[in-house]
Amino acid sequence: MPFDLTTLRLVEKPVTREEGLRILERDQYRCQYCGLDGGASFENALAMSVDFVVPRARKGKKDERNLVACCRSCNMIKGRRVYRSFDEAKTYVLAQREKLRKAWETRKTAPAAAASPSAKAQKPSPAETSKAAAASVISSSPLSIRNR
Ligand SMILES: [Zn+2]
């Protein structure tokens, strides 16, 4: 078993390619949290991974009952928190996604609200505005806070 330096514990090995494929097939390549269909496009397929419901760092076992198909976004949002059950984890992930979506939509529809007068003169293109909105959502999300 590898040693996790952040928790000073022995942890299970990551799933191998074969083990991962078995779980993805069982779950029909759908994220078990948000329902993203990994079979719908190449981009979706790239986003698919396998999640330890109880994280390895928390003594989660490499047992198929503890493994689910999961997109990378949900995996990051879920983080290393400990949940009493898969359903509790799913409820948390979906609630966080909804919060992030609301924040993103708010910033996308009212990007100039907090802008200075000089920003009005150089109005960014819609593409730049939505990029900026996405960046500001990400910088205030738990995704970036986790890595500090
Ligand atoms: Zn997902």
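**Exercise 1.** Leaving aside its neighbours within four places in sequence, with which residues is Cys-74 in contact?

*Solution.* The structure is a predicted model, and the contacts are to be read with that in mind. Once the neighbours within four places in sequence are left aside, the contacts of Cys-74 are Cys-31, Tyr-33, Cys-34 and Val-93. Cys-74 also belongs to the largest nonpolar core, where it is listed with Cys-31, Ala-69 and Cys-70 as having the most contacts inside that core.

**Exercise 2.** Describe the largest nonpolar core and determine which elements supply its residues.

*Solution.* Begin with the count, which is 17 residues for this core. Next, assign residues to elements: at least two residues each come from strand 3 (48–52), strand 4 (67–71), helix 3 (72–78) and helix 4 (86–109). Strand 4 then proves to give the largest share, namely 5 residues. As general background, nonpolar side chains in soluble globular proteins tend to be buried together.

**Exercise 3.** Set out the order of helices and strands along the chain, and state what percentage of its residues is buried.

*Solution.* The inventory comprises 7 helices and 4 strands. Following the sequence, these elements give the pattern β-β-α-α-β-β-α-α-α-α-α. Of the 148 residues in the chain, 18% are buried. For the contacts, take those between residues at least 6 apart in sequence; 53% of these join residues at least 24 apart.

**Exercise 4.** Locate Tyr-29 and Lys-59, and decide whether each is buried, partly exposed or exposed.

*Solution.* Most residues other than glycine have a negative phi. Tyr-29, however, is not a glycine and yet has a positive phi of about 55°, and it is placed in the loop between helix 1 (17–26) and helix 2 (42–47). Lys-59, likewise not a glycine, has a positive phi of about 65° and sits in the loop between strand 3 and strand 4. For the burial of each residue, count the other C-beta atoms within 10 Å: Tyr-29 has 17 and is therefore partly exposed, while Lys-59 has 13 and is therefore partly exposed.

**Exercise 5.** Characterise the surroundings of Phe-86, a residue of helix 4.

*Solution.* With 16 other C-beta atoms within 10 Å, Phe-86 is partly exposed. Leaving aside neighbours within four places in sequence, its contacts are Val-53 and Val-68. Finally, consider the pair formed by Phe-86 and Leu-67, which are separated by 19 residues in sequence and by 9.8 Å in space, C-alpha to C-alpha.

How values were computed
Residues numbered from 1 in each chain as written. Predicted model: local features only at pLDDT ≥ 70, side-chain atom pairs only at ≥ 80, totals over all residues. Core = buried A, V, L, I, M, F, W, Y, C linked by C-beta atoms within 7 Å. Buried ≥ 20, exposed ≤ 12 C-beta atoms within 10 Å, placed from the backbone. Contact = placed C-beta atoms within 7 Å.
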